[in-house]
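Subject: Structure handover and notes

Hello,

Here is the structure you asked to look at. My notes on it follow below.

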Amino acid sequence: MGGSGEYKVDLDALDQVVKELNQVLKNMGDSKSTAKNSTYLAPGTLGHGFKEQEELYKAHGTMKQKIEDLIERVEDLVDKHGKKSAKVRGAYQDAEADNTISMK
């Protein structure tokens, strides 16, 4: 930080934050797809004709939904902060450009 009232923002660092958050989102797409499509329990997978069968399938379905919901919430949070970081970066870049122009 410079003298009184001066500030310096590292735009490259903000760019890196946005890139990394976008990579997290991309990776979460794989997790989301796995949770949704690769955790299916076909009828009979756990066996047949025992009294806990229905309870196990129900518990699996409940847990599967909770995992999908959790991934969705985390994905939304990361996306929200990525967009905010990009917006902040743009605002600082605009302010820097305005300051450069006004000094000429």
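A residue counts as buried when its relative accessible area is under 20%, as exposed when that area is over 50%, and as partly exposed in between. At 15% relative accessibility, Arg89 therefore counts as buried. Please keep in mind throughout that this is a predicted model.

Overall shape

The protein chain has two helices and zero strands. Helix α1 covers residues 11-37 and helix α2 covers residues 53-102. Along the principal axes, the C-alpha atoms of the chain fill a box of roughly 85 × 20 × 15 Å. The radius of gyration is 24 Å, where a compact globule of 104 residues would have one near 13 Å.

How much of the chain is buried? Of its 104 residues, 16% count as buried. The chain exposes about 8,200 Å², and carbon and sulfur atoms supply 56% of that area.

The contacts can be sorted by how far apart the partners are in sequence. Taking those between residues at least 6 apart, 77% join residues at least 24 apart.

Charges and salt bridges

There are 16 positive and 18 negative side chains in the protein chain. The centres of these two sets lie 3 Å apart. A search of the whole structure finds five salt bridges. Three pairs are described here.

The first pair to look at is Asp15 with Arg89, whose closest N and O atoms are 2.4 Å apart. Asp15 belongs to helix α1 and Arg89 to helix α2, so this salt bridge ties together parts that are 74 residues apart in sequence. The two partners can be put into the classes given at the top. Asp15 has 28% relative accessibility, so it counts as partly exposed, while Arg89 is buried at 15%.

Another salt bridge joins Lys32 and Glu72, with 2.9 Å between the closest N and O atoms. Why does this pair tie together parts that are 40 residues apart in sequence? Lys32 lies in helix α1 and Glu72 lies in helix α2. Lys32 counts as partly exposed because its relative accessibility is 32%. Glu72, at 30%, also counts as partly exposed.

The side chains of Glu68 and Lys64 meet in a salt bridge as well, at 2.6 Å from N to O. Here both residues lie in helix α2, four residues apart, which is about one turn of the helix. Both Glu68 and Lys64 are buried. Salt bridges that share partners also join Lys32, Glu72 and Glu75 into one network.

Where the helices touch

Two residues are useful for following the contacts between the helices. Ser85 is in helix α2, and its relative accessible area of 15% makes it buried. Which residues is Ser85 in contact with, leaving aside its neighbours within four places in sequence? They are Leu14, Val17, Val18 and Leu21.

Val18 can be read from the other side, as it lies in helix α1. Val18 is buried too, with a relative accessible area of 16%. Apart from neighbours within four places in sequence, Val18 is in contact with Gly82, Ser85 and Ala86. The Ser85 and Val18 pair thus turns up in both contact lists, and the cut-off behind such a contact is heavy atoms within 4.5 Å. Asp76 is 58 residues from Val18 along the chain, and their C-alpha atoms are separated by 14 Å.

The loop and the far part of helix α2

Is His48 buried or exposed? At 64% relative accessibility, His48 counts as exposed. His48 is in the loop between α1 and α2. From His48 to Gln93 there are 45 residues along the chain, and the C-alpha atoms of the two are separated by 64 Å.

Asn99 is placed in helix α2. With a relative accessible area of 38%, Asn99 is partly exposed. Asn99 and Val74 are 25 residues apart in sequence, and their C-alpha atoms are 37 Å apart in space.

If you want a place to start in the viewer, find Asp15 and Arg89, the salt bridge between helix α1 and helix α2. Then go to Ser85 and its contacts, among them Val18.

Regards

Note on methods
Residues are numbered from 1 along each chain as its sequence is written. This is a predicted model: local features need pLDDT of at least 70, side-chain atom pairs count only at pLDDT 80 or more; totals for chains, interfaces and linings use all residues. Side-chain values use heavy atoms; hydrogens and water are left out. The radius of gyration is taken over C-alpha atoms; the globule rule is 2.2 Å times the number of residues to the power 0.38. Buried means under 20% relative accessible area, exposed over 50%, partly exposed in between (1.4 Å probe, protein chains only). Accessible areas come from the Shrake-Rupley method with a 1.4 Å probe; for residues, only the protein chains shown count as cover. Lys and Arg count as positive and Asp and Glu as negative; His and the chain ends are not counted. The place of a charge is taken as NZ of Lys, CZ of Arg, CG of Asp or CD of Glu. A salt bridge is a side-chain nitrogen of Lys or Arg within 4 Å of a carboxyl oxygen of Asp or Glu.
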